[in-house]
Amino acid sequence: MTASRDGNLRGLDATIERRGLRDHVYERILQLLLSGEAVPGRRLSIDTIARQLDVSQTPVREALVQLERTGLVTREALRGYRVAPPLGLDQLRELFDARIMLETHATRLATPASPEMIDELRAAEEEHRGIGKRVIEALNAGAADLELTAAYFVADAAFHRVVFDHCGNRYLTEMSETLGAQLHRMRQSVRHGVTDVREAIAEHEALVDAFATGDPDAPERSMLHHLEQVRQRSLGLEQA
């Protein structure tokens, strides 16, 4: 009985270890995709990635299956995986429809905001504003800083994630994480630089203030306004 139990525990440990390795490989490939180093349409060789990460092909293959579900990579029969192409205009419109529906509902569920949520929102807003100012300075200087731009988008996502963390619905949170990958594809599609930083900073600040008022309807209105403005700016750039 003891031997059997020990065997089961070893099997469980091995399963956990494999999942941990798969998650690590997933994060490394995701980082590659989010950095923009892997351009749309580029072939992703399982063998090459496995050698670069010094792992077997199995966790790489499992990670790519996960990434295919997010839409960041595509699989072609007999040809393997490639970085997904940029989103088309119709897809961008659908993405914004989904984001607005998801985030406004999460905002409604997160209202009224707890003091802890307000503190987290203010901290995230300050981080976003600080990086945003650096982006503005770089733009004014005519410099293209991809690392700084990536940090700006991370700060933007972290601000919105606070709302999901406090909406009390784990499934909405999981859906937001999947949508987050699609938002990266949106940024790949809109290749005109970060030009709406001032507006986004002001809208985030207004959203924090809306939560702080205690008005049960103000946060949802503010979030809807913010996302509608982001949609207008993004689609406007795409159509320009």
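Visitor: What classes of residue make up the lining of the second largest pocket?

Guide: In this predicted model, that lining has five nonpolar, five polar and four charged residues. The lining comes to 14 residues, and Arg28, Leu32, Glu37, Arg42 and Gln52 lie nearest the centre of the pocket. Arg28, Glu37 and Arg42 are named there, and Arg and Glu count as charged. Leu counts as nonpolar, so Leu32 belongs to that class.

Visitor: Which elements supply at least two residues each of this lining?

Guide: α1 (2-34), β1 and α2 (46-53) each do so. The space in the pocket is about 310 Å³.

Visitor: What makes β1 and β3 a pair of strands?

Guide: Pairing requires at least two bridges. β1 and β3 (residues 80-83) have two bridges, in the antiparallel sense, so they meet the requirement. Leucine 44, for instance, has tyrosine 81 of β3 as its bridge partner.

Visitor: How do you know that β2 and β3 pair?

Guide: Four bridges join β2 to β3, and the two run antiparallel. The cut-off is at least two, so β2 and β3 count as paired. Among the partners, threonine 74 is matched with arginine 82 of β3, and valine 73 with valine 83 of β3.

Visitor: In what order do the three strands stand in the open sheet?

Guide: The order is β1-β3-β2, with antiparallel pairing. β1 (43-44) and β2 (73-76) are at the edges because each has a single partner strand, and one side of each is therefore left without a neighbour in the sheet.

Visitor: Which helix lies across these strands?

Guide: Helix α3 (residues 57-70) lies across β1, β2 and β3, and runs at about 110° to β2. Angles of 65 to 115 degrees count as roughly perpendicular, so α3 is roughly perpendicular to β2.

Visitor: Why is α4 called oblique to α6?

Guide: Helix α4 (residues 89-109) and helix α6 (residues 146-165) pack at about 55°, and their axes are 8 Å apart. That angle makes α4 oblique to α6, because it falls outside the ranges for roughly parallel, roughly perpendicular and roughly antiparallel. On the α4 side the contact is made by Arg99, Leu102, Glu103, Ala106 and Thr107, and on the α6 side by Asp156, His160, Val163 and Phe164. By class, this contact has four nonpolar, two polar and three charged residues.

Visitor: What makes aspartate 54 and leucine 78 worth pointing out?

Guide: Most residues other than glycine have a negative phi, and most peptide bonds are trans. Aspartate 54 is not a glycine, yet its phi is positive, about 60°. Aspartate 54 lies in the loop between α2 and α3. Leucine 78 takes a positive phi near 70° in the hairpin of β2 and β3, where three residues come between the strands.

Visitor: What kind of peptide bond joins threonine 111 and proline 112?

Guide: The bond is cis, with omega about 0°. Proline 112 lies in the loop between α4 and α5 (115-140).

Key:
Residues numbered from 1 in each chain as written. Predicted model: local features only at pLDDT ≥ 70, side-chain atom pairs only at ≥ 80, totals over all residues. Heavy atoms only, no water. Contact = heavy atoms within 4.5 Å. Axes fitted to C-alpha atoms, helices over the stretch in contact; angles between N-to-C directions. Parallel < 35°, antiparallel > 145°, perpendicular 65-115°, else oblique. 1 Å grid on protein atoms, 1.4 Å probe; cavity = no way out; pocket = protein on both sides within 12 Å on 5 of 7 lines; lining within 4 Å. Points joined across faces, edges and corners; volume = space filled by probe spheres on them.
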